[in-house]
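Visitor: I'm new to reading protein models, and I'd like to zoom in on one part rather than skim the whole thing. Please take your time with it.

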Amino acid sequence: MDLFRKSSCFHMMISAGILVLFIVIPSETCIWIPTVEQQDFCSAQYVFGADILNRSSENEMYGFVYNIRVADVYRYNGTKDIVKGFKTIYGEGRANSCGPQLLDVNSPYILYATEREGELQIDDYRKMQYVEKDDIIRMSQKYDCSCEVRFNYIAVQTNNADFQLNPPTTDQCNVPSDYCRRSFYCKRNLTGACVVGNHGNCY
């Protein structure tokens, strides 16, 4: 079971007029797009472990404000000290088409986050009780964000197993059809080429 609560199913909020697999998605629509966790990790500006100290909201329909204490940092833009200094993060409210980002107070989480309009916003999250040692190893040692992870979206969406992606370059990894969303990783080998691997249980 994938225990990530996706803020937008990266599973994402698609604006009107954006074409996804030749389908125009209405604005503010929550849709599911298959990914592996490395894609979610690398699309976030920051990934870190944090304790949720407090939750507040002026209107729960529109969002929540969390006071946090950062413990461990796995991805950052700048320096780790900047991330360690984060005190506040914002989550979607109950009116969000993908559901609210409702975190439990006095509980630790892994948070995927991005700064938008000067505010640190939650992308994804997982409660620490569902985080395994192998998850930490992948985030800290296996995920290589200099590699492009390519998903065969046309084959998935059309259920056409005959459609194949072009062979990957040395800077790319193609996600196999029998992929494991959680254990998959793409990392450069000793020759500098990006190669597919798996670490941990298949989820």
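Which residues of helix α3 (residues 133–142) are buried?

Guide: Before we zoom in, keep in mind that this is a predicted model. In helix α3, the buried residues are Asp135, Ile137, Arg138, Met139 and Lys142. Here's a handy bit of background: an α-helix has 3.6 residues a turn, so residues three or four places apart point the same way.

What sits on top of those buried residues? The cover for α3 includes helix α1 (37–43), along with strands β6, β7, β9, β10 and β13 (184–188). That gives us a route to follow, from the helix out to the strands. For a sense of the setting, the chain has four helices and 14 strands, and 41% of its 203 residues count as buried.

Let's start with the charges. Asp135 and Arg138, two of the buried residues of α3, come back a little later, once we've met a salt bridge on β10. Met139 gets us going right now: this buried member of α3 is one of the residues that tyrosine 74 touches.

Tyrosine 74 belongs to strand β7 (residues 64–75). Buried or exposed? With a relative accessible area of 17%, tyrosine 74 is buried, because the cut-off for that is under 20%. Setting aside residues up to four places away in sequence, tyrosine 74 touches Ile136, Met139 and Ser140, and also Phe41, Val47, Phe48, Gly49 and Ile110. The C-alpha atoms of tyrosine 74 and leucine 111 are 9.9 Å apart, although 37 residues separate the two in sequence.

Now look at who β7 pairs with. β6 and β7 run antiparallel and are joined by nine bridges, with serine 56 standing opposite valine 65 of β7. β7 also pairs with β8, again in the antiparallel sense, over four bridges. There, asparagine 67 has threonine 88 of β8 as its bridge partner. In general, side chains in a regular strand alternate between the two faces of the sheet.

β6 and β7 are tied by charge, too. A salt bridge brings together the side chains of arginine 69 and aspartate 51, at 3.3 Å from N to O. Arginine 69 is in β7 and aspartate 51 is in β6 (residues 46–56), so this pair, 18 residues apart, links distant parts of the chain. Both partners are partly exposed: arginine 69 has 45% relative accessibility, and aspartate 51 has 23%.

Next stop is β9, another strand that helps cover α3. Tyrosine 109 is found there, and at 4% relative accessibility it counts as buried. Tyrosine 109 and glycine 49 are 60 residues apart along the chain, but their C-alpha atoms are separated by 5.6 Å. Not counting neighbours within four places, tyrosine 109 is in contact with Phe48, Gly49, Ala50, Ile52, Leu103, Asp104, Tyr125, Arg126, Lys127 and Met128. Notice that Phe48 and Gly49 were also on the contact list of tyrosine 74. A polar atom of the tyrosine 109 side chain lies 2.8 Å from the backbone nitrogen of aspartate 104.

Aspartate 104 has a charged partner as well. Lysine 127 forms a salt bridge with aspartate 104, with the closest N and O atoms 2.6 Å apart. Here lysine 127 comes from strand β10 (residues 119–127) and aspartate 104 from the loop between β8 and β9, and this pair also links distant parts of the chain, 23 residues apart. Aspartate 104 counts as partly exposed, at 34% relative accessibility. And here is the promised return to α3: salt bridges that share partners join Asp135 and Arg138 with Glu37, Arg126 and Arg182 into one network.

Stepping back, the structure holds ten salt bridges. The links across the sequence fit a wider count: among contacts in the chain with a separation of 6 or more, 58% are between residues 24 or more positions apart.

So which strands should you remember around this helix? The cover over the buried residues of α3 includes β6, β7, β9, β10 and β13, with helix α1 there too.

Technical notes: Residues are numbered from 1 along each chain as its sequence is written. This is a predicted model: local features need pLDDT of at least 70, side-chain atom pairs count only at pLDDT 80 or more; totals for chains, interfaces and linings use all residues. Side-chain values use heavy atoms; hydrogens and water are left out. Buried means under 20% relative accessible area, exposed over 50%, partly exposed in between (1.4 Å probe, protein chains only). Contact means heavy atoms within 4.5 Å. A salt bridge is a side-chain nitrogen of Lys or Arg within 4 Å of a carboxyl oxygen of Asp or Glu. Two strands pair if DSSP finds at least two bridges between them. A polar contact is a pair of N or O atoms within 3.5 Å; within protein, one must be able to donate a hydrogen and the other to accept it, and residues adjacent in sequence count only if both atoms are side-chain atoms.
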